[in-house]
Amino acid sequence: MGSLAVRSAVLLLLLLALPLALGEYWAFQLGLFFLYAIAALGVAMCWGQAGFLPLGQALFVGLAAYLSGAALIQWGEAWWVFLLLPFAALAAGALAFLLGLIIFRGRSESGPYFAIITLAISLLAFQVANSWNEVTGGYNGMKGIPGLPGLEGFSDVYYLAAVALACAVALCGWLVQAPLGTLWRAIALNERRVAYFGYDTAMLKAIAFGLSGVLAGIAGALYAPQQGLVTPELVGFALSADLVIWVAVGGRKRVLGPVLGVVLVGILSAELRERTYYWDLIVAAGFVFVVLYASGGIGALLAPLERLLPGRRKALEPLRAPAPKAPRTAVTLAIEGVSAAAGEVRILDRLSLAIARPGIYCLIGPNGAGKTSTFNMLTGELRAQAGEVRLDGDTLSKPTPYRLARRGVGRKFQIPSVFGELSIDENLRIALWSGRTSLLDWLRPAPRRWDTPVLAALRGRYPFLDDGARLASALSHGERQVLELSMALVTEPRLLLLDEPCAGLSGEETAQVMAVIRWARDTLGLSVVIIEHDMALVKQLAEHVFVLHQGRLLAEGDVAAIRSDPRVHEVYVGAAE
Amino acid sequence: MDPLLVTQALNVLYEVVTLAVIVLGLAIVFGLLGVMNLAHGEFIALGAYVAYVCQSLGLPYLAAVPAAIAACALLALPVERFLIRPLYDRPFDTLLATWGLSLFMRKAIEIGFGGGYKSLKIPVSDSVLVLGAPFPAYRVLLMALCAVLIAALLLWYRRSVAGARVKAMVGNRELAQAVGIRTDRLARDTFVVGLCFAGLAGVMVAPLVSVQPYMGLDYVLRSFFVLVVGGLGSPLGLLSGAAAIGGVESAMSALVDRTAGYSTVLLIAIFFLWRRPHGIFGRS
Amino acid sequence: MTTSLARRKFLIASAAGTALIGAPAFIRNASAAKDFKIGMFYAIAGPAANLFGPTQKACAELAVEQINAKGGILGRRVQLLFANGDAAVADATKSAVRMLLEDKVDFFLGSHNSAVREALVATIKARVPYVYTPIYEGGECSPSTYVIADTPRQQMETVLPWLHKKAGYKSVYLIGNDYVWPQVTNKYAKGIFKKLGVNVLGEEYVPLGAPNKFEEAVTRIKGAGPGLVLITLVGGDNVNFNRTFAGFGLDKTILRVSSLLEENTLLGIGAESSNGLYGCMSYYSSVDTPAHRAFKAAYRKKYGDKAPILGLIGVDTYAGVKFVEAVVTKAKANAAAKVKSAANGITFASATGTMTMRNRHVDKDMYLAECKGTEFQIVETFSNVKSGQTCT
């Protein structure tokens, strides 16, 4: 992370030197915009990294501003009032984290509804700030806030704001490169898949939202002494909207993007708005243009510049990863009399099957028999209305992908769902970190270098996995299937659910996959349940076969027994040989 | 009956019925097509300003109706072509793009007409006696018109061939295409019709509200809340949402004050957004 | 080698970017240093801009033209620098700082709401004198701040007893926007009502800046049945309320007094809703005095047919500029202490006559008007009403 420190130091020096060139008024103006830039950074972390857009961020700016203002009015003379300001920011962050947790746990996807919820909450806060005359001063605002002791000049807060901005940029730069950043970006691409790897995605998103709250809070806490007055306008929709526009135009994926957006668009607006009526029209049109055609914003244009920056990372030594936290015993699964329906259609009809030993099991049956639905029922996508499922003897009630992954159940989907815009390395690491990391690990750079024997072995079998920096979307269909299978295996699950793992693969690739499955069974001692249509595959792989029909278990046994079972023949009219 | 109670009840009814008509355009665009059109309020404002222009030119008030519809349709066509159609499968970006459009329209109106409010003369200015309490005639007329409009639209949607085609497209787009429905054109026409209804709503309420460039923001937020609470894609949802939001706000405003009314609406909307985003009658 | 070269390139690029950002500061035209600069905050853009902005600018520029024709202030040509007072508080503060640090204005003139005034006072920190012109709630005694606005005493002590004598109302309902000016005005009015023996039936506030609708409030008022409604709503709310009021037929039985009702707002309210509506301010365009006739002639001569409608909020900037001329000329400087001693007792021109400043506020003639259609008919004049403020 040395390059990050260098870049941040350069930025800080630049910012501190600016007033010498531009004069006191510009320092005053820029100081305010640096505060807005800090808040905009928070929006960019949520939107550009974790994939959800907070439309009411001014709520946290305003909350911290009111708290900071009140503190300064009460204790403005004391030197230690400086220490209270971070508390105002942390209060805003705590509120953001709590709100995020409540909202994200209550809903499964973020999308536009989250944006509108945050908007509605900020509107509510505006109503409160506007009418609660005793506490916030109502429409007139909280007046007479003294400046920070020793910083009463117009441009004094600028230096504090510059330092805060440089620290915020450094912090965000760190997080973007840390494992947490990778996880956020994965959530933005496919949140459900991340949950299947055993991550509490609601908590991860809430952390992002909490961070944005803290950043907005810093902006608010410094706003109060700089302006001397906090009005409900600060909590209103206008600032929230401006933050989004600045981030969109500046670029939400790059850390410097929001800073650019605020400085360029914000300052230009302030200067030009009073001269030409049409400036706001231009900004609106520019915003629409960015949304339609240039979602990277101005920051995207800077990409080539970044290559000039010092400190390109060299390849690092791999580290041995810790063992997974899930228990390493063989899994037992018992499904008893499970029924599930969607409307009028019975999907599963008193299904009962059991797995008591490690091995390779195949789930076969005609279309619509309920094979994928069985998997869905196990991982909680399909609600069972009757019956019981016991995993390791414990009854499974209300399963979720996240909880099941924590107990060592892995799943691979029929259509490969790797994280296309992440590199192969990042994809594998996400799988590797699952079940082995804690919050602290996500902040350290070390887990990026983790390696395990399983991963090394897989790399040996599939050399293309070695090309770690390649984007997953650049892989062929077959390679993507293999990548996803590798990801599932790297988590070292105890029960692996594979849904047609060889779909779309050539004969050679299929043979390789079968070898991997057998190898995994031998090395990891796991139970694999494979949904398969290809009887040749089933013949070669399966140690035990379950035949499903109309949501019920029709027959089970080894391959020979199934082949000779007359009931199975009846169901498979013209079965492939 | 106590005339005061009658007046208050009429106020609530007025609020609910006009809200339903205001939301109608968005119910069509968002509820049927799934387009989160944040510029909906600005099209209402456009209708109101067209009415203002017509009145300043000395035309009878009814002339504003075709004028507003024409203005909205003219604007809706390029918006659908360049903003909405490319973003059909990116609902989030649609939200942002229409929001940028709303900013643009708001500023354009401000530049064209100035930032202050405009007052329109009420077309019908007497009051009538309703159950013994005097009530402004134009409001009564408006309530009747809105009820007729909604009923007519419901009937058309249920019974007509075009309505059936729209229902098919909404239910399963590929299948509708497979049976020969031109979904592209149908979506475009539905979108334009939705925005024309917004303009029409603007013409209807213009004499009774402050016509100023920022009027649209409040309407679009309220419309979203109505649809979230009532449920998308069903007329029953529109009506129940309007009844819930309009009724609660009006009742709270009568009992306490406007701030309490609006805050209650916000709380209800937040709850539904969080727990039941498909609303009371929406499909999940 | 390459990293240090790259670093240098990066620094140069950043410096270039910085220069680009800073460029506007140098592009701004530097005005002649000898000019006497007045930094004027008025409604350039925003909800009030359409109503008051053009008049505010026109009247102020008329005053400046008249002063410059006579040689300026202390021999220096007067120049007006404008900033938007109808903006977010942070923007107004920024403009004030720019005017202090970059433009180096000699005097501030403000025609905007109280929230912005408080922010400006806190920012200017008495470095430069500041005169505030529109109607307000009183109580502004910050150093180096001068107010020529109508105060609640001037408005309420005149119209409320007069109407009581004439129409004999026994109860009153108060409705206003929820911020300091209506709150303080109502408090003052309630004192007067107590002395008159009038019952206050209700007091209600609606948020400022929200799209308020008044059906429920009007219904409440109808239920309470007062003889008079005292309205301290502003702008669009004032228009909306009065139209709804008349729409429900209450104008036939209940009198109304609106504290901030000038020509533009009355136009908005319209002739069919203005029956029984009264106001009391220090300016109406229908006031008939020799000074006003001369003012209107000069105004029409300068602006011709495109002249913006004259109303109190705009016309007070004329008086404001005239005040600046008078006080700086008498003090022979714009230094704070000299201006302060010169200001007490100074008389200066307004659009309708003269005003005298005492205790940094102005005693003035107040006119009581009844609305007839969309015009104001002056029904009573109160001479030299004291401001009731006691700043030292």
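**Figure 1. Close-up of A:Phe82 and the surrounding nonpolar surface patch in the predicted model.** A:Phe82 is partly exposed, its relative accessible area being 32%. The structure shown here and in the following views is a predicted model. A:Phe82 belongs to helix α4 of chain A, which covers residues 81-106. Together with A:Trp75, A:Trp79, A:Trp80 and A:Leu83, A:Phe82 makes up a nonpolar patch on the surface. The accessible area of these residues together is about 580 Å².

**Figure 2. Overview of chain A as context for the close-up views.** The secondary structure of chain A consists of 25 helices and twelve strands. The C-alpha trace of chain A extends over about 90 × 50 × 45 Å along its principal axes. Chain A has 577 residues, of which 58% count as buried.

**Figure 3. The largest cavity, lined by residues of chains A and B.** Eight cavities of 30 Å³ or more are counted in the model, and the largest has a volume of about 80 Å³. From chain A, the lining includes A:Leu55, A:Leu119 and A:Phe237. From chain B, the lining residues are B:Leu38, B:Trp99, B:Ser102, B:Arg106, B:Leu217, B:Val220 and B:Leu221. Two elements of chain B, α4 (91-113) and α9 (215-230), give two or more residues each to this lining. By class, eight of the lining residues are nonpolar, one is polar and one is charged.

**Figure 4. The second largest cavity, lined by residues of chain A.** This cavity has a volume of about 60 Å³. The residues that line the cavity are A:Leu333, A:Ile335, A:Leu353, A:Ile355, A:Leu363, A:Thr374, A:Phe375, A:Leu378, A:Leu497, A:Val529 and A:Phe546. Strands β2 (333-342) and β3 (345-355) and helix α16 (371-379) of chain A each supply at least two of the lining residues. The largest share, three residues, comes from α16(A). The lining holds ten nonpolar residues and one polar residue, with no charged residue.

**Figure 5. Helix α16 of chain A, a mostly covered element.** Eight of the nine residues of α16(A) are buried. The buried residues are A:Lys371, A:Ser373, A:Thr374, A:Phe375, A:Asn376, A:Met377, A:Leu378 and A:Thr379. Among them, A:Thr374, A:Phe375 and A:Leu378 also line the second largest cavity. After α16(A) comes A:Gly380, which has a positive phi, near 95°.

**Figure 6. A salt bridge between chains B and A, formed by B:Lys107 and A:Asp280.** Over all chains, 51 salt bridges are counted. In the pair shown, the closest N and O atoms of B:Lys107 and A:Asp280 are 3.2 Å apart. The pair crosses between chains, with B:Lys107 in helix α4 of chain B and A:Asp280 in helix α13 (residues 279-293) of chain A. B:Lys107 counts as buried because its relative accessibility is 18%, under the 20% cut-off. A:Asp280 is likewise buried, with a relative accessible area of 14%.

**Figure 7. A salt bridge within chain A, formed by A:Arg448 and A:Glu426.** The closest N and O atoms of A:Arg448 and A:Glu426 are 3.8 Å apart. A:Arg448 lies in the loop between α19 (439-443) and β8 (450-451) of chain A, and A:Glu426 lies in helix α18 (residues 424-433) of chain A, so the salt bridge ties together parts that are 22 residues apart in sequence. A:Arg448 counts as partly exposed, at 22% relative accessibility, whereas A:Glu426 counts as buried, at 14%.

**Figure 8. A salt bridge in chain C and a network that joins residues of chains B and C.** The side chains of C:Glu370 and C:Lys372 meet in a salt bridge with an N to O distance of 3.0 Å. C:Glu370 counts as buried at 14% relative accessibility, whereas C:Lys372 counts as partly exposed at 43%. Elsewhere, salt bridges with shared partners join B:Glu15, B:Asp218, B:Arg222, B:Glu249, B:Arg258, C:Lys213 and C:Glu216 into one network.

Key
Residues numbered from 1 in each chain as written. Chains lettered and ligands numbered in written order. Predicted model: local features only at pLDDT ≥ 70, side-chain atom pairs only at ≥ 80, totals over all residues. Heavy atoms only, no water. 1 Å grid on protein atoms, 1.4 Å probe; cavity = no way out; pocket = protein on both sides within 12 Å on 5 of 7 lines; lining within 4 Å. Points joined across faces, edges and corners; volume = space filled by probe spheres on them. Helix = DSSP H or I, 4+ residues; strand = E, 2+ residues; numbered from the N terminus. Nonpolar A, V, L, I, M, F, W, Y, C, P; charged D, E, K, R; others polar. Patch = residues over 30% accessible without salt bridge, like charges linked within 9 Å, V, L, I, M, F, W, Y side chains within 5 Å. Areas by Shrake-Rupley, 256 points an atom, 1.4 Å probe, with all protein chains shown as cover. Salt bridge = Lys/Arg side-chain N within 4 Å of Asp/Glu carboxyl O. Buried < 20%, exposed > 50% of the residue type's maximum accessible area, 1.4 Å probe, protein only.
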